[in-house]
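Q: Before the individual assignments are accepted, could the reasoning behind them be set out term by term? Please set each value against its cut-off.

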Amino acid sequence: MLTRLVDDVEPLSVDSALLRHLQASSAPAVQSGIGMSIGIEGPTHRVYRVIDIDNLIEAIEVFEMLQVLGFTIDGGREENGRPLITPKAPCSSLQMLAIARAMAALCA
């Protein structure tokens, strides 16, 4: 998993907590042919951080971590072909797992 900031876009005030959680990831660094990018939307409603995920284990871990931080997927919205994650009411773990599996299947 890699993450990067988008130039000249204001980050969320919780970005440092998000980054700490991403750095604490315990997912194995293996590539399974499943690749996806998740854009994190900032306060100006533009993507400011991109998280590149290489396997289903990473995807599930990232979605669970985002849920803990109060994020959820913004209903089918994309920017530059990337699904967006925005701070809204959290989903259940089963909903997040279903979303991760569906996205992985689309990328396979």
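Q: Why does R4 count as partly exposed and not as buried or exposed?
A: In this predicted model, R4 has 36% relative accessibility. Buried requires under 20% and exposed over 50%, so R4 at 36% counts as partly exposed.

Q: What makes the pair of D52 and R4 a salt bridge?
A: The closest N and O atoms of D52 and R4 are 2.3 Å apart. The cut-off is 4 Å between a side-chain nitrogen of Lys or Arg and a carboxyl oxygen of Asp or Glu, so the pair of D52 and R4 qualifies. The bridge links distant parts of the chain, with D52 in strand β3 and R4 in strand β1 (residues 2-5), 48 residues apart.

Q: Why is D52 called buried?
A: The relative accessible area of D52 is 19%. Since the limit for buried is under 20%, D52 is classed as buried.

Q: How many salt bridges does the structure hold, and what makes R49 and D15 one of them?
A: The structure holds two salt bridges. Between R49 and D15 the closest N and O atoms are 2.8 Å apart, which is within the 4 Å allowed. R49 lies in strand β3 and D15 in helix α1, so this pair ties together parts that are 34 residues apart in sequence. Both R49 and D15 are buried.

Q: Why can β3 be described as largely enclosed by the rest of the structure?
A: Seven of the seven residues of β3 are buried, so the description follows.

Q: How do you know that β3 pairs with β1 and with β2?
A: Pairing requires at least two bridges between the strands. β1 and β3 have four, in the antiparallel sense, and R4 stands opposite V50 of β3. β2 and β3 have six, also in the antiparallel sense, and V47 in β3 is the bridge partner of E41. Both pairings therefore satisfy the criterion.

Q: What is found between the strands of the hairpin of β2 and β3?
A: Five residues lie between these strands, and H45 takes a positive phi near 65°. T44 is also found in the loop between β2 and β3.

Q: Why does T44 count as partly exposed, and with which residues is T44 in contact?
A: The relative accessibility of T44 is 41%; as this value falls between 20% and 50%, T44 counts as partly exposed. Leaving aside neighbours within four places in sequence, T44 is in contact with V9 and E10. The C-alpha atoms of T44 and V9 are separated by 7.9 Å, although these residues are 35 apart along the chain.

Q: Which residues have the most contacts inside the largest nonpolar core, and which elements supply this core?
A: The core has 17 residues, and I40, V62 and L66 have the most contacts inside it. At least two residues each come from α1 (15-23), β2 (36-41), β3 (47-53), α2 (56-68) and β4 (71-79). The largest share, five residues, comes from α2. Beyond its neighbours within four places in sequence, V62 is in contact with M1, L22, I38, I51 and I53.

Q: Which element has the lowest mean pLDDT and which the highest?
A: Helix α3 (residues 93-107) has the lowest mean pLDDT, 57, and β1 the highest, 88. For the chain, the mean is 73, and 58% of the residues reach 70 or more. Where pLDDT is low, the predicted coordinates should not be read in detail.

Conventions
Residues numbered from 1 in each chain as written. Predicted model: local features only at pLDDT ≥ 70, side-chain atom pairs only at ≥ 80, totals over all residues. Heavy atoms only, no water. Core = buried A, V, L, I, M, F, W, Y, C linked by side-chain atoms within 4.5 Å. Buried < 20%, exposed > 50% of the residue type's maximum accessible area, 1.4 Å probe, protein only. Contact = heavy atoms within 4.5 Å. pLDDT = per-residue confidence, 0-100.
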